[in-house]
Amino acid sequence: MISIPCTYDFQPGNGTRYEITLVDDPHGGVLVVWPTQATYRWFPRYGELRHLHGNLNLFDMDAIQTYLNGVATAAGVLQ
């Protein structure tokens, strides 16, 4: 089970450290806030991450999506 709101601090091995906060989105999905960088909407059941605003860096977006999908898979939300 993924407890929301929550904060994750991780280093995926690409030389970057990420600290993201997850918050329920009333419009569906989960808001992923990477402070001072970007905000995304993540759909845990589908493993999809959409950029909402801020810096669009596909390298960082892929690292965050891969990490979150791993969390969702471990929680049994994404199969």
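These legends walk through close-up views of a predicted model.

**View 1. Five strands make one open sheet.** The strands follow the order β1-β2-β3-β4-β5, and their pairing is antiparallel. At the edges stand β1 (6-10) and β5, and each has a single partner strand, so one side of each is left without a neighbour in the sheet. Direction ignored, neighbouring strands of the sheet are turned against each other by 25° on average.

**View 2. Here β4 meets its two partners, β3 and β5.** Strand β3 (residues 30-34) pairs with β4 in the antiparallel sense, over five bridges. Within that pairing, Val33 has Thr39 of β4 as its bridge partner. Strand β4 (residues 38-43) also pairs with strand β5 (residues 48-54), again in the antiparallel sense, and here there are six bridges. Look for Trp42, which stands opposite Leu49 in β5.

**View 3. A hairpin joins β4 and β5.** Four residues lie between the two strands of this hairpin. One residue to pick out in the turn is Gly47, which has a positive phi of about 70°.

**View 4. Helix α1 packs on the sheet.** This helix (residues 58-75) touches β1, β2 (18-24), β3, β4 and β5. The direction of α1 makes about 135° with that of β5. With 18 residues, α1 reaches 25 Å from its first C-alpha to its last, close to the 26 Å expected at 1.5 Å a residue. The buried residues of the helix are Asp60, Met61, Ala63, Ile64, Leu68, Asn69, Val71 and Ala72. Their cover includes β1, β2, β3, β4 and β5. As a reading aid, an α-helix has 3.6 residues a turn, so residues three or four places apart point the same way.

**View 5. Tyr8 and Tyr67 link strand and helix.** The structure holds four aromatic pairs. In one of them, Tyr8 and Tyr67 sit edge-to-face, 5.7 Å centre to centre and with 70° between the planes. Because Tyr8 lies in strand β1 and Tyr67 in helix α1, the pair ties together parts that are 59 residues apart in sequence. Tyr8 has a relative accessible area of 17% and is buried, while Tyr67, at 26%, is partly exposed.

**View 6. Phe10 and Tyr18 form a stacked pair.** The ring centres of Phe10 and Tyr18 are 5.2 Å apart and the planes are at 20°, so this pair is stacked. Both residues are buried. Step back a little to follow the ring pairs onward: they link Tyr8, Phe10, Tyr18, Trp34 and Tyr67 into a cluster.

**View 7. Strands and helix share a nonpolar core.** In soluble globular proteins, nonpolar side chains tend to be buried together. The largest nonpolar core here has 20 residues, and those with the most contacts inside it are Ile20, Leu22, Val32 and Ile64. At least two residues of the core come from each of β1, β2, β3, β4 and α1. The largest share, six residues, is supplied by α1.

**View 8. A closer look at Ile64 and its contacts.** Which residues does Ile64 touch, not counting residues up to four places away in sequence? They are Phe10, Tyr18, Ile20, Val32, Trp34, Tyr40 and Leu49. Ile64 is one of the buried residues of α1, and it is among those with the most contacts inside the largest nonpolar core.

Technical notes:
Residues numbered from 1 in each chain as written. Predicted model: local features only at pLDDT ≥ 70, side-chain atom pairs only at ≥ 80, totals over all residues. Heavy atoms only, no water. Pairing = 2+ DSSP bridges. Axes fitted to C-alpha atoms, helices over the stretch in contact; angles between N-to-C directions. Contact = heavy atoms within 4.5 Å. Phe/Tyr/Trp six-rings, centres within 6.5 Å; stacked < 30°, edge-to-face > 60°. Buried < 20%, exposed > 50% of the residue type's maximum accessible area, 1.4 Å probe, protein only. Core = buried A, V, L, I, M, F, W, Y, C linked by side-chain atoms within 4.5 Å. Expected span 1.5 Å × (residues − 1).
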